[in-house]
Amino acid sequence: MKKRLLGGALVVIVLLGALLIGDKIFRLVMTIVSLLGLKELMIMKKEEVLLFVMKWVILLEIYIKLVIILLQVWIRSVY
């Protein structure tokens, strides 16, 4: 119980720090935190079909976010 509270407090501190630093950092930190949350959900749920689907959704989410970030960087460097 104490371990979960400390982990939650650490996540809140990291998210607030990322929010204060900037938009891109906050998006990156939110992506990582959401992926960690999905990992915890997968550990809690032991259904194999759900795990299979969630793994592919996570991979797709990472790919889409990376493509969007790279496109934004490329567009800003061109213009």
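Helices (H or I, at least four residues) and strands (E, at least two) are DSSP runs, numbered from the N terminus. With that in mind, open the whole chain.

This is a predicted model, where local features need pLDDT of at least 70 and side-chain atom pairs count only at pLDDT 80 or more, while totals for chains, interfaces and linings use all residues. Residues are numbered from 1 along each chain as its sequence is written, and side-chain values use heavy atoms, with hydrogens and water left out.

**Stop 1: the whole protein.** Colour by secondary structure: you will find three helices and zero strands, in the order α-α-α from the N terminus. Now switch on a surface. About 6,900 Å² is exposed, and carbon and sulfur atoms supply 78% of that area (Shrake-Rupley method, 1.4 Å probe; for residues, only the protein chains shown count as cover). Of the 79 residues, 10% count as buried; buried means under 20% relative accessible area, exposed over 50%, and partly exposed in between (1.4 Å probe, protein chains only).

**Stop 2: leucine 15.** Select this residue in helix 1 (residues 2-21). Which residues does leucine 15 touch, leaving aside those up to four places away in sequence? Show Phe26, Val29, Met30 and Val33 as sticks, and you have them; contact here means heavy atoms within 4.5 Å. For a distance label, try the C-alpha atoms of leucine 15 and valine 29: they are 7.0 Å apart, with their positions 14 residues apart along the chain.

**Stop 3: methionine 30.** Next, move to helix 2 (residues 23-44), where methionine 30 lies. Methionine 30 counts as partly exposed because its relative accessibility is 36%. Its C-alpha atom is 8.8 Å from that of alanine 18, twelve residues away along the chain.

**Stop 4: isoleucine 69.** Jump to helix 3 and pick isoleucine 69. At 33% relative accessibility, isoleucine 69 is partly exposed. Lysine 24 is 45 residues away in sequence, yet the C-alpha to C-alpha distance to isoleucine 69 is 8.4 Å.

**Stop 5: leucine 71 and its patch.** Stay in helix 3 (residues 48-78) for leucine 71, partly exposed at 44% relative accessibility. Finish by selecting Leu60, Tyr63, Ile64, Val67, Ile68, Leu71, Trp74, Ile75, Val78 and Tyr79: together they form a nonpolar surface patch with about 1,100 Å² of accessible area. Patches are made of residues with over 30% relative accessible area and no salt bridge, joining like charges within 9 Å and nonpolar side chains (Val, Leu, Ile, Met, Phe, Trp, Tyr) within 5 Å. A salt bridge is a side-chain nitrogen of Lys or Arg within 4 Å of a carboxyl oxygen of Asp or Glu.
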